[in-house]
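Biologist: I have a model open and would like to practise reading it. Could you walk me through a few features?

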Amino acid sequence: MTEHLVVIGGDAAGMSAASQARRRRGVDDLRITAFERGSFTSYSACGIPYWVGGEVAEQDALIARTPEQHRANGIDLRLRTEVTEIDHAGRRVLTRQLETGTEQWTDYDQLVVATGAEPVRPALPGFDAPGVHGVQTLDEGAALIDTLHEDVRTAVVVGGGYIGIEVAEAMLLRGLRVTLVHRSAEPMPALDPDLGRLVRLGMDKLGIEVVPGAEAVEVLLGPDGRPRAVRSTVGEHPADVVVLGLGVRPRTGLARAAGLTLGAHGGLLTDETMRVVGTDDVWAGGDCVEVLNLVSGAYQHVALGTHANKHGLVIGTNLGGGRASFPGVVGTAITKVCDLEIARTGLNEREAAAAGLRWTAAVIESTAQAGYYPGATMMTVKMLAEQGTGRLLGVQIVGGAGSAKRIDVAAVALSCGLTVGQLISLDLAYAPPFSPVWDPLLVAARKVARLVGQGPS
């Protein structure tokens, strides 16, 4: 009999799983039905701020594969169709067609849950008004762009994480006066405050007003019902448009109602094959799952398209009769604000403390290229190592052009469990346009290695 695979979610994880399963199994062996409540599939949500800012010219550039391409590949893809219930015991899902309201049960043999994440939107006065935008979907990005007409001159971005600073850059590139309101002491809470301070100073130089330690409590509306200001715990900030960058949380309401296993952060828990713990017929991937951090040994929620695509590949391979696994992450992330590059991997000091680790940290300043090379830019590297063992625990980078992608070297070192002493010996490339003789990562490793007794004095 033909097996029926049902996929909930038409973006990275869901459609990667469906496509990979289809490559490995023919249509006579596996029937695939995918439900997507939105209007688009397989697009880069991470690229939306750059589309909003005008660096990416058009929406279609962000779409990796259209619904028509998925259908031509033998996947029965149904857009604008929301799954409203999972009946796990009965192996079926209830769907509702958003245009007509028609409801229907669909049976499955195997189920992939790829419902993604949902933006944090506080239930505060004015936050649901027209002119208050998220940037999680293409529809939201289009709505924000439509708002940016000539009468819009000021923007307030609420939240100082990755999304917040990327949107702040987009608003700046659009010619708006930008205020970033965030409740932590420094922007980029994924960094330690000393590195976050460098981000704030860099944003100040760009003309972005950064308001730290300020929690937004209300969007004040004008007579037209649209924003005129954001009120925070430190004052009022004029705004013709408001963009929320408060992060996301796993979209797992369906899974919770179905009794599927969730973790401490609200995401689905899976084994290494991406099968949901406690089931033999439900798989999950992407922003709705929790993943194992290989450095701390704890599970966490990390919403990144890189992981989602890998999850989908693993799920599709296993559903297609192969063997694949996703071992975990080391927490690597990268972004920028105009020419200021920002990256991190592993643990920061707060995370190391939460994991019960004892660490030593070192901070160095260097140039990203040879200091005498024209246009050489400054960069700061912070490195954490475990006391006693010297095991590398984390790296943070803030600097100019050519700085941030060095984080990938640190990510590989973390994945391999290297000590800072071993990191010093890595054979990294050198030429003056790309690096000083001693790469900044190795300079940081030498400094922290001395502090933990693993390097030359």
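Modeller: We'll take a sheet, then some backbone angles, then a glutamate side chain. Keep in mind that this is a predicted model.

Biologist: Fine, sheet to begin with. What is the strand order, and which strands form the edges?

Modeller: The general idea is that side chains in a regular strand alternate between the two faces of the sheet. Here you have an open sheet of 3 strands in the order 4-5-6, paired antiparallel. Strand 4 and strand 6 (103-107) are the edge strands, each pairing on one side only. From one strand to the next, the twist averages 30°.

Biologist: How many bridges hold strand 4 to strand 5, and how many join strand 5 to strand 6?

Modeller: Strand 4 (residues 81-87) and strand 5 (residues 92-97) are joined by 6 bridges. Between strand 5 and strand 6 there are 5 bridges, again antiparallel. If you want landmarks, find Asp87, which sits opposite Arg92 of strand 5. On the other pairing, Arg96 has Glu103 in strand 6 as its bridge partner.

Biologist: Now the backbone. Which residue in the hairpin of strand 4 and strand 5 has a positive phi?

Modeller: As background, most residues other than glycine have a negative phi. In this hairpin, with 4 residues between the strands, Arg91 goes positive, with phi near 50°. Arg91 belongs to the loop between those two strands.

Biologist: Is Arg91 buried, exposed or partly exposed, and why?

Modeller: Arg91 counts as partly exposed because its relative accessibility is 32%, and that class runs between 20% and 50%.

Biologist: Where does Met188 lie, and what is its phi?

Modeller: Look in the loop between strand 11 (177-181) and helix 6 (193-206). Met188 isn't a glycine, yet its phi is positive, at about 60°. Met188 has a relative accessible area of 1%, so it is buried.

Biologist: On to the glutamate. Why does Glu169 count as buried or exposed?

Modeller: The test for buried is a relative accessible area under 20%. Glu169 has 2% relative accessibility, so it counts as buried. You'll find Glu169 in helix 5 (residues 162-173).

Biologist: Which residues does Glu169 touch, leaving out those up to four places away in sequence?

Modeller: Glu169 touches Tyr50, Glu55, Lys336, Val337 and Cys338. Zoom in on Cys338: its backbone nitrogen lies 3.1 Å from a polar atom of the Glu169 side chain.

Note on methods: Residues numbered from 1 in each chain as written. Predicted model: local features only at pLDDT ≥ 70, side-chain atom pairs only at ≥ 80, totals over all residues. Heavy atoms only, no water. Pairing = 2+ DSSP bridges. Axes fitted to C-alpha atoms, helices over the stretch in contact; angles between N-to-C directions. Buried < 20%, exposed > 50% of the residue type's maximum accessible area, 1.4 Å probe, protein only. Polar contact = N/O pair within 3.5 Å; in protein donor to acceptor, adjacent residues only side chain to side chain. Contact = heavy atoms within 4.5 Å.
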